[in-house]
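Trainee: I'm new to this one, could you walk me through it?
Mentor: Gladly! Let's look at it together and take it step by step.

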Amino acid sequence: MVIEPDGLFYTKVKPKDVSEIIEKTLEKDEIIDRLLYTDPVSCEKEKNYNKIPFYSRQKRIALRNLGKIRPNKIDDYIAGGGYQALARVLTEMSPEEVIKVISKSGLRGRGGGGFQAGRKWQTCRNIESDVHYVICNGDEGDPGAFMDRAIMEGDPHSVLEGIMIAAYAIGAREGYIYVREEYPLAIIHLQKAIDNCEDVGMLGDSILGTEFSFRIRIARGAGAFVCGESSALMKSVAGEVGEPRAKYIRSVVKGFYDKPTVLNNVETFANVPAIISNGADWFKKIGTSKSTGTKAFSLVGKVRNTGLIEVPMGITLREIIYDIGGGILDDRPFKAVQTGGPSGGCLPESKLDLPVDFDTLTEAGSMMGSGGMIVMDDKTCMVDVAKYFLSFLVKESCGKCVPCREGLYQLHALAVKISEGRATEGDLDKMEKLSEVIVRGSLCGLGKSGPNPFLSTVRYFRDEYLAHIRDKRCPAGVCRELIHYEINDKCTGCMACITACAYDAISGKKNELHVIYQDKCTKCGACVAVCNYEAIDVT
Amino acid sequence: MVNLTINGRVVRAEEGEMLLNVIKRQGINIPATCHHDAVEPYGACRLCTVEITKETWQGWKNYVTSCLYPVEEGLIVNTHSPEVVELRKTILDLLLARSPNARLIQEMAAEYGITHTSFEEIADGDDCILCGLCTRVCDALGFCAISSVNRGHGREIAPPLWEAPPDCVGCLACAQVCPTDFIEYTDKGTERTIWGKKFELLVCEQTGRPTITHEFAKYLSRNRDIPEEYFKLNDVSHRKELALTMGKITHWGREE
């Protein structure tokens with residue numbers, strides 16, 4: 001809980017604390033000590049949220065209103081300066097001027113590709129057509145990512161305003177927001193925002209008394225990962241099966257219903273009003289020269305502080321993980337960070353000082369993606385990670401083209417073979433060759449980036465693959481077929497593991513060393529979870 | 001007209017033409033399973049992938065499916081570069097793992113020196129290579145009776161809800177276009193069965209042989225403005241009638 005304007009920060013506030021906060025803090029300016037944030041390292045209490053590293057290292061543009069306004073009240077948004085940018089655009093600026101500002105700001109698409117938004121808009125505007133469309137991509141399908149969801153749920157008007165500005169710039173009169181069905185609250189809040197806008201004349205005919213008319217509709221996706229791909233998304237909005245088509249003619253030229261279409265994602269649109277209000281130069285100063293502005297990430301995995309963050313581009317991975325994230329849980333060693341969603345890649349410790357921007361991450365074999373960031377510690381097996389993401393992609397491939405459908409399936413099968421200790425070194429070569437074909441031959445971005453989980457892990461953690469293949473050993477102790485559980489002499493004979501084991505695989509008497517029967521053990525890990533004495537080794 | 005180079009030879013092509021057509025016209029043989037002149041190009045099998053570059057591209061190359069790529073001035077195409085051959089080999093290898101008994105795939109793979117798949121054969125594989133020709137032909141005819149269902153590796157071709165498709169008229173276009181003869185149908189006397197749906201066939205008044213289904217005839221007479229009497233005869237009898245009429249006309253012409 002943050003009390004403005006001082007930024008007083010209370011944590012773990014319960015309903016019963018509210019009356020006390022009103023009585024003491026609001027009325028008498030007293031500070032309630034027990035609710036203050038305690039720094040886990042220095043153990044000092046901190047009053048202001050801006051001084052806490054988790055917040056102080058962040059810079060919020062796309063997430064500027066999150067938690068500060070009531071999402072379903074248009075008045076709150078307007079009170080905070082909302083729709084000022086739209087009013088300025090409609091009354092003072094020509095479409096060309098809008099595009100100029102966006103181009104100058106260097107805003108790049110936040111959905112993953114990182115294409116210059118201004119250039120996209122300009123191309124679309126230049127194409128002669130009776131109809132232009134603008135579509136917002138809210139199909140955030142990456143496991144562990146929730147940036148767009150937070151924006152759509154917490155600040156739907158900023159997305160709408162961004163879409164309207166884009167529509168004015170390219171000359172569109174109709175727009176769609178594609179939201180996945182798994183985000184019911186986002187759909188409710190967006191619909192409410194659209195209804196409110198229509199009521200007050202911010203949407204519909206002659207908006208704000210100008211000649212600009214625009215309507216927007218929500219299209220709900222049925223939760224296919226591939227529908228985040230632009231051509232598949234447009235098919236899905238049109239009511240067809242969401243399958244990509246070859247894009248030798250780009251969707252900016254021939255997109256939704258074969259008409260010129262601008263497709264940007266939620267975060268990109270949320271940035272637009274801020275850029276118009278504060279100017280291109282303000283935005284350009286944030287971030288790096290080629291990747292301007294900020295980027296939202298969902299920081300998850302084995303870090304102390306997980307959650308939604310927004311940081312200036314160019315910040316290093318180390319700063320994100322150690323300063324904002326507060327380091328690895330239980331002070332275990334860092335092993336890898338996975339960025340860019342399932343088709344992104346894993347970066348090792350040696351890459352931690354890389355600046356986070358579109359081009360550097362791609363060069364390092366991962367990608368920015370839409371902004372998932374999963375931190376892994378030494379208990380994570382990289383073969384297992386690759387196997388997991390490949391299995392996700394096998395399930396989510398649309399199945400239209402052969403390299404992606406059959407190729408990823410076989411790649412996953414080979415990864416399973418390695419994790420089970422049945423593979424040879426020839427299989428590893430085969431996987432690399434197959435990956436090359438999938439990358440080169442697939443129809444859409446899903447297939448083209450599909451082998452990334454394997455390629456990036458084998459690039460940085462080849463030894464771990466070889467340990468599985470040559471020594472039939474899983475160094476991180478994860479791959480079931482290659483590990484076994486043993487009780488060491490730290491065992492106090494408390495019998496907790498015996499109770500926990502569902503397979504009667506542990507025997508022993510009270511206060512005596514227990515023994516695991518390897519033939520009965522299913523390696524489920526239930527015993528490790530209950531042991532308080534670190535008495536069970538996984539090797 | 002557009003000038004481009006294919007395997008070192010300068011070729012002229014119509015503007016808007018797809019690369020695959022031009023390549024085929026040169027007598028160059030490249031495999032393609034999902035391509036058919038009757039339907040729009042689809043780009044699913046990826047076997048017709050070729051390497052393209054331009055002098056202005058500074059050595060940069062791209063790999064595109066020729067069935068979908070419109071010709072461009074100055075394009076330099078290589079249909080059998082080592083990378084392309086490797087790609088085709090791998091795709092055929094993958095298809096062979098899925099459909100080891102499909103003759104078309106066996107033959108295509110053999111041309112690229114593959115007789116057995118190097119991957120693990122898929123347990124529930126069948127002869128369907130998911131080229132999508134059947135559904136696209138069905139859509140083009142206007143029936144949309146079958147479609148592809150499920151995603152990824154579980155993709156298959158099926159009628160809605162795996163029940164006898166209500167929109168199917170039993171025209172057999174899907175079975176005839178299927179490159180691996182996977183779509184089964186039976187014609188017994190005047191009864192036809194396809195996709196689990198039974199049809200009664202019309203019988204030719206002259207030869208007494210079964211022709212097309214009642215549903216297909218009704219559809220054609222309604223949507224293509226063909227009189228219903230037309231379907232009382234089969235094609236052979238129609239030709240005979242036509243020949244007789246033509247004969248009469250010539251005869252009549254001579255008498256004049």
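Mentor: One definition to start with: domain bounds here come from an automatic or database domain assignment. Please also keep in mind that this is a predicted model.

Trainee: Thanks! How many Å separate the centres of domain 1 and domain 2 of chain B?
Mentor: Begin with the bounds: in chain B, domain 1 covers 2-111 and domain 2 covers 133-242. Taking the centres over C-alpha atoms, the separation between these domains of chain B is 32 Å.

Trainee: Which classes of residue make up the side of domain 1 of chain B that touches domain 2 of chain B?
Mentor: In this contact, nine residues of domain 1 of chain B meet seven residues of domain 2 of chain B. Sorted by class, the domain 1 side has no charged residues, three polar and six nonpolar.

Trainee: Where does domain 2 of chain A lie in the sequence?
Mentor: Chain A is divided into domain 1 (2-51), domain 3 (294-377), domain 4 (382-469) and domain 5 (484-538), along with the domain you ask about. The centres of domain 1 and domain 2 of chain A, over C-alpha atoms, are 38 Å apart. Domain 2 of chain A spans 74-283.

Trainee: There is a sheet in chain A; why do β7 and β8 each have one side without a neighbour?
Mentor: The open sheet has four strands with parallel pairing, in the order β7-β6-β5-β8 of chain A. One side of β7 (215-221) and one side of β8 (261-265) are left without a neighbour in the sheet because each of these chain A strands stands at an edge, with a single partner strand.

Trainee: What is the bridge partner of A:G138 in β6(A)?
Mentor: Look at strands β5 (residues 133-138) and β6 (residues 174-180) of chain A, which pair in the parallel sense over six bridges. In β6(A), the partner of A:G138 is A:V179.

Trainee: Which strands of chain A does helix α8 touch?
Mentor: Helix α8 (residues 156-170) of chain A packs on the sheet, and its direction makes about 150° with that of β5(A). The chain A strands it touches are β5, β6, β7 and β8.

Trainee: Which helix gives the most to the side of chain A that touches chain B?
Mentor: The contact takes 24 residues from chain A and 26 residues from chain B. On the chain A side, α15 (382-396), α16 (402-419) and α17 (425-441) each supply at least two residues. By class, that side has 13 nonpolar, five polar and six charged residues. With eight residues, the helix that gives the most is α16(A).

Notes. Residues numbered from 1 in each chain as written. Chains lettered and ligands numbered in written order. Predicted model: local features only at pLDDT ≥ 70, side-chain atom pairs only at ≥ 80, totals over all residues. Pairing = 2+ DSSP bridges. Contact = placed C-beta atoms within 7 Å. Axes fitted to C-alpha atoms, helices over the stretch in contact; angles between N-to-C directions. Nonpolar A, V, L, I, M, F, W, Y, C, P; charged D, E, K, R; others polar.
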